[in-house]
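This briefing deals with the open space in one protein model and with the way some of its helices pack. Please keep the sequence and the structure at hand while reading.

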Amino acid sequence: MASNRYARDIPLPGLTDGEDGYRGPAVAKIVGITYRQLDHWTSTGLVQPSVRDAEGSGSQRLYGFDDIVQLKVIKRLRDAGVSLQRIRKALDEVESQGLTLRDITLASDSAGKVFAINDQQEAIDLLMSGQGVFVIAIDPVASEVEAEVATITPERAEPPVQDLHRRRPAI
């Protein structure tokens with residue numbers, strides 16, 4: 001029996017259990033960077049789209065809300081003169097301590113050293129030296145992103161085509 005070649009293009013009810021996300025061009029606009037910068041930061045592993053990564057030609061990355069907040073924080077650190085290398089180290093250190101950006105306030109000194117201030121207002125030197133003077137409170141950034149993403153429609157991350165074929169019986 002021949003299979004219907006069009007069936008795979010039609011989303012089936014109950015199989016759209018993917019998370020909502022935002023495409024790269026809209027994310028780049030919200031963050032205030034070029035799509036090329038976003039692509040570079042993603043392809044070098046500085047950030048990863050949490051909803052869906054691109055899988056070959058024609059597929060789109062989908063970024064979640066927290067991804068956009070992280071990107072906006074990275075942009076602000078870059079605007080303050082912090083190198084991508086130091087930002088990468090700082091984000092890795094935050095993750096290794098079991099924290100998220102929502103748990104801390106980031107600070108940077110004039111030498112580009114990055115610090116985290118946790119809820120107890122203790123300075124955690126992420127790069128082992130320096131004092132923080134440039135501060136980024138994450139909650140206001142998240143509120144700003146929330147207002148901006150409210151103006152665009154998220155996309156649902158559909159299961160990959162091969163998963164659709166496994167989930168339904170043959171016709």
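Two residues are taken to be in contact here when they have heavy atoms within 4.5 Å. The model is predicted, and the points below turn on helix α3, which covers residues 65-79 and contributes to the lining of the largest pocket, packs with helix α5 and crosses helix α1.

**Packing of α3 with α5**

- Helix α5, made up of residues 138-149, packs with α3 at an angle of about 120°, and the two axes lie 9 Å apart.
- Because angles of 65 to 115 degrees count as roughly perpendicular and those over 145 as roughly antiparallel, this makes α3 oblique to α5, and the crossing of the two helices is right-handed.
- On the α3 side the contact involves Phe65, Ile68, Val69, Lys72, Val73 and Arg76, which meet Ile138, Val141, Ala142, Glu144, Val145, Glu146, Glu148 and Val149 of α5.
- Sorted by class, the residues of this contact between α3 and α5 comprise nine nonpolar and five charged, with no polar ones.

**Packing of α1 with α3**

- Helix α1, residues 24-31, crosses α3 at roughly 45°, and the axes of these two helices come within 9 Å.
- The helices α1 and α3 are therefore oblique to each other, and their crossing is right-handed.
- From α1, Val27, Ile30 and Val31 take part in the contact, while α3 supplies Ile68, Leu71, Lys72 and Lys75.
- The contact of α1 with α3 is made up of five nonpolar and two charged residues, again without any polar residue.
- Ile68 and Lys72 of α3 thus appear both in the contact with α5 and in the contact with α1.

**The largest pocket**

- The largest pocket holds about 480 Å³ of space, and among the 19 residues that line this pocket, Leu46, Gln70, Leu91, Glu95 and Leu101 are the closest to its centre.
- Two elements, α3 (65-79) and α4 (84-96), each give two or more residues to the lining of the largest pocket, and α4 gives the most, with five residues.
- By class, the lining of the largest pocket consists of eight nonpolar, five polar and six charged residues.

Terms used. Residues numbered from 1 in each chain as written. Predicted model: local features only at pLDDT ≥ 70, side-chain atom pairs only at ≥ 80, totals over all residues. Heavy atoms only, no water. 1 Å grid on protein atoms, 1.4 Å probe; cavity = no way out; pocket = protein on both sides within 12 Å on 5 of 7 lines; lining within 4 Å. Points joined across faces, edges and corners; volume = space filled by probe spheres on them. Helix = DSSP H or I, 4+ residues; strand = E, 2+ residues; numbered from the N terminus. Nonpolar A, V, L, I, M, F, W, Y, C, P; charged D, E, K, R; others polar. Axes fitted to C-alpha atoms, helices over the stretch in contact; angles between N-to-C directions. Parallel < 35°, antiparallel > 145°, perpendicular 65-115°, else oblique. Left-handed = near helix turned anticlockwise from the far one by under 90°.
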